[in-house]
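Biologist: Please take a close look at one chain of this model, and then at the places where its surroundings matter. A connected account would suit me better than a list.

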Amino acid sequence: QMAATLLADSVTVTPDGKLTASGNVEVMFEGTHMQAAAITYSQSTDKLDITGPILISAPNGDVFTADQAQLSPTLETGLLLSARMVLDNQLQLTAGRIDRTQGDLTQFSRVAATSCNICNDRPPLWEIRANRIIHDENEQQLYLENAVMRVRGVPIFWLPYMRLPDPSLERATGFLVPSYSSNDLLGTGIKMPYFIRLGDYRDLTLTPYISAETKTLEARYRQAFTNGDITIKAATSRDTIIPDTQRGYIELDGRFDLARGYELRFGATGVSDISYLKQYDYSDQDRLKSFVTIDRYTDAGFTFGEIALYQSTIAGENSSSLPPFVMSFATEKQQELIGGNLTLSADSDLHFRFGTDDNGNAADVLRIGTAADWNRNWVLPNGLVVESDVGLQIDRWVIENDPDQGGTRISPSAAITLRYPMMRETVSGGQDLLEPIIMIGWTGDFGATVPNEDSLSAELTETNLFKLSRFPGDDRIENGAQIAYGGSWHRTSGNDWTAHVVIGQIMRETVADYSSSSGLTGRSSDILAAGQFAINDGLYVLGRAVFDTDLSAQKSEILIGTDGDYLDLSASYVWLPLDTDEGRDDDFSQWAIAADYQINDIWSVGASGRYDVAANDPVKAGLSVGWRNECVEVELSASRSYTSSTTVAPTTDYSLTIGLAGFGTGATSVQSRQACRN
Amino acid sequence: CGYAPIYGTHGSASDLMGSVSFNVDQTAEGYHLRERLVERLGTPEAQAPNQLTVRIATSEKPVAIASNDTTVRTTVTGTADYSFVNNAGETVATGSVRSFEGYSSLGSVVAINAAQQDAYERLSYSLADLIVAQILTRTAGQ
Amino acid sequence: AQTDIALGGIQADSSAPVEITADSLSVDQETGIAAFSGNVLITQGELRLSAGSVEVVYDDDSGDITRLIASGGVTFVTATDAAEAQTAVYDLADNTLNMTGDVLITQGRSAIAADSMRVNLATGKAQLDGRVRTTLTQQDNN
């Protein structure tokens with residue numbers, strides 16, 4: 001019992017069962033709405049004969065226009081003449097005739113499909129003409145017969161039969177957007193990705209990559225489970241770089257939520273030769289890590305366990321001495337104790353070397369450690385915050401293949417930190433927070449001193465300035481008494497910008513085994529200054545530097561960025577003085593910049609660059625230009641890498657991708673419809 | 001010069017210590033962030049009236065690459081979105097803070113792993129300190 | 001599925017005898033118009049017309065009723081149809097019915113609404129104007 005409603009300026013009814021409606025005629029039926037100039041309905045044929053201009057909008061957003069039509073009263077079946085249909089308000093199909101059938105099938109005869117604006121002054125940017133297109137609403141597919149692709153009216157290619165996803169389809173098997181690229185190493189080539197949907201939870205993408213220098217097949221398999229997912233990437237190539245050998249790689253990554261909050265993560269990478277990944281730009285990792293990790297973090301503690309194998313991709317680096325096999329375990333529990341917080345922890349690290357590394361080190365080291373730490377805060381009536389810390393750490397090393405046999409180290413520690421935070425209101429209604437801080441502490445270091453493997457490169461920053469040790473690992477601690485003084489200043493002004501500065505220095509009783517550029521050498525450290533300035537949702541500047549006594553900057557780093565609507569900028573500058581402990585044989589200063597600017601709805605440009613100031617030559621540079629309108633998205637990019645070694649050569653890389661909007665939800669459906677120029 | 005202590009008898013944040021419960025990510029960064037927040041704002045009482053929710057996002061980028069294409073130093077950038085809700089359910093302060101830490105990526109794998117882990121821990125501490133400073137300055141008015 | 005629509009058009013035999021009842025009647029000698037008012041009910045064969053008030057116009061020579069001018073809410077009922085409007089003019093001479101003001105015709109389950117309607121009671125041809133609104137109800141074929 002479905003009722004279609006008809007509205008018109010005037011209606012004539014004749015006894016032979018004919019109704020004629022004319023003047024702003026509208027018919028509504030279950031969400032489908034039609035407007036027409038005139039309609040005649042005859043009971044005998046049970047058909048609506050409609051004279052145009054006809055406009056039909058279906059509930060799912062499809063829109064039909066036609067000059068003439070004959071439809072069922074429910075507007076579901078029938079035919080339209082010289083009609084046009086717009087799918088998902090993107091893809092327009094203009095046809096001599098459209099037949100709508102009961103089973104959600106719509107057939108277009110003598111049809112042109114495009115998502116570009118149709119202006120009568122010239123043919124659209126691209127269109128596909130076909131004898132017949134059948135749109136299957138259930139399958140969300142478009143089947144084209146005898147299809148010709150035309151650009152500005154010029155036919156480019158012809159296909160007897162073609163199938164395309166309609167704009168509302170998200171995951172369907174089929175070709176993805178091809179990309180064309182060329183670089184010095186692999187020549188000019190094209191990648192044609194083909195996506196295969198294997199049900200709702202798995203998919204496989206096969207991408208043949210054919211160029212003058214290489215025949216490569218890339219593959220990516222993904223599978224989602226209820227409690228996790230896995231991804232497998234692989235590629236196999238025969239190329240002219242290493243002729244007559246099958247090169248390739250395989251990489252597995254997975255993540256699973258286990259019971260009681262534990263999470264399992266694992267990854268493995270195998271590669272035929274160390275330069276393959278960088279040459280094909282599949283990964284820029286210097287070391288490949290294959291690992292299994294299980295961990296759990298809660299408010300009251302954590303447990304962490306990892307087994308990892310490392311393989312180097314740096315030319316000349318012997319993987320067997322990295323060390324390649326590293327196992328680590330750590331667990332920590334926190335509980336309340338006499339008004340304070342007691343942290344009990346136990347951990348152990350084990351690493352094996354199957355050979356000797358460049359500086360003759362072949363040590364296999366096992367360390368087992370346990371520690372207890374109690375801290376408590378008091379707030380005095382005058383606003384002074386007193387933080388007390390008492391700790392005991394005991395570590396045992398067992399070392400083989402090395403003159404040093406290891407031993408046990410016992411390290412008690414105690415510290416008092418005094419903070420006096422003060423605030424005032426600023427004239428602009430913001431707040432100024434000034435907090436002088438002083439830490440007085442002592443650490444004992446009794447027992448063995450082992451070779452320093454995990455504490456080679458320390459950093460002095462505003463977060464470990466007032467801690468007892470700035471060493472990253474366990475092999476070293478700061479011995480003796482020390483005092484760290486300084487302060488932080490924080491200003492928020494209304495809601496639009498904030499500034500933050502921390503300055504401080506450390507004076508200590510005995511010199512600690514820090515690397516030269518860390519700023520922590522000697523009995524008095526360099527002066528640390530760190531700060532940031534950030535405008536709400538706009539520009540931010542973050543910086544940190546250590547200054548030696550004559551106030552010349554040692555290690556320093558600055559980060560600048562914005563993530564505005566139109567400009568995406570991130571720039572960094574770093575200055576690292578020579579430091580053999582940290583693997584640098586000379587000074588190192590480098591700036592890098594990456595910017596993407598959306599000029600208007602159509603044009604976007606991007607630039608990136610990395611320049612080595614000390615060596616005075618560029619490292620990487622890149623440019624990209626994007627052009628898009630309502631029906632096409634084109635991205636042209638070029639990048640140049642100047643780095644070179646025995647496995648990596650300087651290469652220039654160009655790539656071009658063209659995506660047609662309107663097929664599947666892949667390419668963007670930019671709403672910037674261009675008006676016709678007439 | 002107009003500064004007044006914020007803790008102590010009539011400080012603007014005198015009842016803040018211990019009155020905040022923390023809702024953080026169940027990750028290493030979330031754990032160390034909470035550890036630092038407890039150090040600065042005290043262990044939360046049983047029915048702590050205020051709640052601070054923080055979500056962290058981190059990303060790594062090489063900041064110095066040698067001429068033989070090996071990464072010399074990597075910078076970890078972190079942003080933390082926080083919202084501070086008082087016992088009446090009003091959102092008193094919300095926003096996001098950003099910080100960065102670097103670590104050397106040369107040398108043995110053991111040294112790099114330790115430096116990387118320490119960098120992430122320092123980043124969580126830095127984000128926590130910035131959030132505490134934001135809360136102290138933004139709740140001063142209320 | 002057969003679509004049912006108020007299509008039969010209204011038909012009546014204007015030659016049948018007309019019977020009029022009303023609360024009161026006043027006759028105007030010069031113009032020869034009789035004005036019935038108060039629950040006026042006119043029956044002619046199967047046709048029944050009720051209205052607030054009706055003016056009846058007689059032919060000067062034959063004395064037959066030539067026109068009925070009804071107002072004050074008119075309903076016009078035949079064996080198969082019902083029509084209502086604010087005013088109606090039933091012209092027995094050329095056998096036409098002219099209704100204006102919230103016209104509503106119902107036949108079985110379907111209905112047509114319009115501002116005005118002219119029906120030729122002999123041929124059943126109806127012409128509706130103003131924002132005409134009707135339903136094309138589709139009987140289930142099962």
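**Chain B and its surroundings**

Modeller: Read from its start to its end, chain B runs through the pattern β-β-α-β-β-β-α. The model is predicted. Counted by type, chain B holds 2 helices and 5 strands. Its C-alpha trace spans about 60 × 40 × 20 Å along the principal axes. The chain has 142 residues, and 64% of them count as buried. Among contacts in chain B with a separation of 6 or more, 60% are between residues 24 or more positions apart.

Next come the neighbours of the chain. There are 2 pairs of chains that touch, and the pair with the most contacts is A and B. Chains B and C have no contact, and their closest C-alpha atoms are 53 Å apart.

Chain B also takes part in enclosed space. Rolling a probe the size of a water molecule over the atoms shows where empty space is left. Over the whole structure, the search returns 6 cavities of 30 Å³ or more. The largest cavity holds about 270 Å³ of space. Its lining consists of 26 residues, and those nearest its centre are A:Glu462, A:Ser488, A:His500, A:Val502 and B:Asp129. On the chain A side, the elements that give two or more residues to this lining are β29 (431-443), β32 (497-508), β33 (527-535) and β34 (540-547); on the chain B side they are α1 (28-41), β5 (91-104) and α2 (109-138). The element that gives the most is α2(B), with 5 residues. By class, the lining of the largest cavity has 10 nonpolar, 8 polar and 8 charged residues.

The second largest cavity holds about 130 Å³. It is lined by 18 residues, of which A:Glu459, A:Leu460, A:Arg544, A:Lys555 and B:Arg73 lie closest to its centre. Two or more residues of this lining come from each of β34, β35 (553-563) and β36 (567-576) of chain A, and from β5 of chain B. The division by class here is 7 nonpolar, 4 polar and 7 charged. Strand β34 of chain A and strand β5 of chain B thus appear in the lists for the largest cavity and for the second largest.

One of the chain A elements at the largest cavity, β29, leads on to a set of paired strands. Strand β29(A) is joined to β27(A) by 7 bridges, and the two run antiparallel. Within this pairing, A:Ser413 stands opposite A:Thr443 of β29(A). Strand β27(A) is also joined by 2 bridges to strand β30 (residues 446-447) of chain A, again in the antiparallel sense. There A:Ile410 has A:Phe446 of β30(A) opposite it. With strand β26 (residues 385-400) of chain A, β27(A) pairs antiparallel over 14 bridges, and A:Leu392 faces A:Pro412 of β27(A) across that pairing. Strands β26(A) and β27(A) make a hairpin with 5 residues between them, and A:Asn401 in the turn has a positive phi of about 55°.

The side chains of β27(A), residues 406-419, alternate between two faces. On the buried face are A:Gly407, A:Arg409, A:Ser411, A:Ser413, A:Ala415, A:Thr417 and A:Arg419. The other face, which is not buried, has A:Gly406, A:Thr408, A:Ile410, A:Pro412, A:Ala414, A:Ile416 and A:Leu418. Of the residues named in the pairings, A:Ser413 therefore belongs to the buried face, while A:Ile410 and A:Pro412 point to the other.

Two further details of chain A complete the account. Over all chains the count is 1 disulfide, and it joins A:Cys116 to A:Cys631 with an S to S distance of 2.0 Å. The torsion about this S-S bond is about 90°, so the disulfide is right-handed. Because A:Cys116 lies in the loop between β8 (105-114) and β9 (126-136) of chain A, and A:Cys631 in the loop between β39 (617-628) and β40 (632-641), the pair ties together parts that are 515 residues apart in sequence. Both A:Cys116 and A:Cys631 are buried.

The other detail is A:Asp257, in strand β19 (residues 247-257) of chain A. A:Asp257 has a relative accessible area of 36%, so it counts as partly exposed. Leaving aside residues up to four places away in sequence, A:Asp257 touches A:Asn227, A:Tyr262 and A:Glu263. Between A:Asp257 and A:Arg296 the C-alpha to C-alpha distance is 9.9 Å, with 39 residues of separation in sequence.

Technical notes: Residues numbered from 1 in each chain as written. Chains lettered and ligands numbered in written order. Predicted model: local features only at pLDDT ≥ 70, side-chain atom pairs only at ≥ 80, totals over all residues. Heavy atoms only, no water. Disulfide = S-S within 2.5 Å. Helix = DSSP H or I, 4+ residues; strand = E, 2+ residues; numbered from the N terminus. Buried < 20%, exposed > 50% of the residue type's maximum accessible area, 1.4 Å probe, protein only. 1 Å grid on protein atoms, 1.4 Å probe; cavity = no way out; pocket = protein on both sides within 12 Å on 5 of 7 lines; lining within 4 Å. Points joined across faces, edges and corners; volume = space filled by probe spheres on them. Nonpolar A, V, L, I, M, F, W, Y, C, P; charged D, E, K, R; others polar. Pairing = 2+ DSSP bridges. Contact = heavy atoms within 4.5 Å.
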